[in-house]
Amino acid sequence: MSALSATVLCQKTVKTFMLSNGDIVRDLEEDIVFGVFHPKERLTEEDLMARFGLKRHVVRDALSQLDSMGLVVRVPNRGAYVRELTPKEVIEIYEVREILEVAAALRTPLPCPKNVIEALKRIQDQHSEAIAKHDLRNVFRLNIQFHREQFMACQNTKLAQSIIEYAQQAHLIRAIKYAEPGHLQKVESDHRRIIKAMDGKNRDSLVEIVRNHLPDSRDAYLRAYALRHETGVPELRKNSAGRNL
């Protein structure tokens with residue numbers, strides 16, 4: 001078990017109150033993201049029923065939701081398994097994420113309304129506090145909340161929703177970097193720079209920050225996959241400036 005998995009397992013608490021379906025999906029999502037459940041590991045309905053004290057149909061519904069989120073694969077007559085993304089899938093997800101997120105940055109009014117900036121600052125203060133406490137599950141949730149607020153500011157609901165959906169597909173990827181020294185501090189710094197750019201008028205600066213905020217988790221996943229499967233790390237396409245796409 002990795003140091004990250006051990007840390008997160010220590011944060012796992014036994015629930016003694018009645019859980020909603022949303023609570024179950026959230027808890028299982030985080031367990032998958034942080035490696036409590038490993039890629040290709042089977043999730044048995046019996047184990048989940050015992051863990052949460054719920055009926056089979058509720059557990060099945062939760063697994064169905066995780067399947068629709070891209071975190072679980074359900075195989076007829078075999079059950080549900082934690083999804084493992086292939087390098088090709090990861091690269092394609094991040095290519096689409098860059099296209100969508102840059103498009104949102106290009107459409108975001110600058111400077112952003114004061115209420116948007118204040119909301120981003122408030123979320124980031126909580127995010128920074130969670131990083132300081134090494135509360136990784138809260139770091140994960142607050143990161144999602146920060147970027148949801150950021151991209152809703154583009155004033156195109158469909159575009160923002162597409163960004164959220166593709167970011168959700170990347171949940172299997174992003175937490176790999178959490179255990180790397182200095183990574184969360186870089187994320188924190190990037191968020192502060194995003195807020196500053198959205199509070200200013202330099203659109204090129206905002207676009208560049210948004211674009212450069214993406215690749216680290218992708219590259220870490222590709223390295224981890226290559227190590228796990230004893231394969232080479234795939235070569236990434238480069239743009240005209242020589243930057244990996």
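These legends walk through several close-up views of a predicted model.

**View 1. Two helices side by side, H5 and H12.**
Let's start with helix H5, which covers residues 87-107, and helix H12, which covers residues 215-229. Their axes come within 10 Å and cross at roughly 175°. An angle over 145 degrees counts as roughly antiparallel, and H5 and H12 are therefore roughly antiparallel to each other. Look for Pro 87, Val 90, Ile 91 and Tyr 94 on the H5 side. Across from them, H12 brings Ser 217, Arg 218, Tyr 221, Leu 222 and Tyr 225 to the contact. The residues of this contact of H5 with H12 divide into seven nonpolar, one polar and one charged.

**View 2. A three-stranded sheet with a helix across it.**
Here you can follow an open sheet of three strands in the order E1-E3-E2, with antiparallel pairing. Strand E1 (42-43) and strand E2 (72-75) stand at the edges, and each has a single partner strand, so one side of each is left without a neighbour in the sheet. Strand E3 spans residues 79-82 and is joined to E1 by two bridges. To find your way between these two strands, pick out Leu 43, whose bridge partner in E3 is Ala 80. Helix H4, made of residues 56-68, lies across E1, E2 and E3. H4 runs at about 120° to E2.

**View 3. Arg 97 and its contacts.**
Now back to helix H5, this time for one of its residues, Arg 97. Is Arg 97 buried or exposed? Arg 97 is buried, with a relative accessible area of 7%. Setting aside neighbours within four places in sequence, Arg 97 is in contact with Tyr 166, Ala 167, Ala 170, Arg 174 and Leu 214.

**View 4. A salt bridge between Arg 26 and Asp 27.**
Side chains of opposite charge can pair when their charged atoms come close. How many salt bridges does a search of the whole structure find? The search finds 24 salt bridges. In this view, the side chains of Asp 27 and Arg 26 meet in one, at 2.9 Å from N to O. Asp 27 is buried, at 5% relative accessible area, whereas Arg 26 counts as partly exposed, at 31%.

**View 5. A buried salt bridge between helices H2 and H7.**
The side chains of Arg 137 and Glu 30 meet in a salt bridge, at 3.2 Å from N to O. This pair links distant parts of the chain: Arg 137 sits in helix H7 (residues 136-152) and Glu 30 in helix H2 (residues 21-33), 107 residues apart. Arg 137 counts as buried at 11% relative accessibility, and Glu 30 is buried too, with a relative accessible area of 7%. Both also belong to a network of salt bridges that links Glu 29, Glu 30, Asp 31, Arg 51, Arg 137 and Arg 141.

**View 6. A partly exposed salt bridge between helices H6 and H10.**
Finally, find Arg 192, which forms a salt bridge with Asp 125, where the closest N and O atoms are 3.0 Å apart. Which helices does this pair link? Arg 192 lies in helix H10 (residues 183-198) and Asp 125 in helix H6 (residues 114-133), so you can trace distant parts of the chain, 67 residues apart, to this one pair. Arg 192 counts as partly exposed at 33% relative accessibility. Asp 125 is also partly exposed, at 45%.

How values were computed: Residues numbered from 1 in each chain as written. Predicted model: local features only at pLDDT ≥ 70, side-chain atom pairs only at ≥ 80, totals over all residues. Heavy atoms only, no water. Axes fitted to C-alpha atoms, helices over the stretch in contact; angles between N-to-C directions. Helix = DSSP H or I, 4+ residues; strand = E, 2+ residues; numbered from the N terminus. Parallel < 35°, antiparallel > 145°, perpendicular 65-115°, else oblique. Contact = heavy atoms within 4.5 Å. Nonpolar A, V, L, I, M, F, W, Y, C, P; charged D, E, K, R; others polar. Pairing = 2+ DSSP bridges. Salt bridge = Lys/Arg side-chain N within 4 Å of Asp/Glu carboxyl O. Buried < 20%, exposed > 50% of the residue type's maximum accessible area, 1.4 Å probe, protein only.
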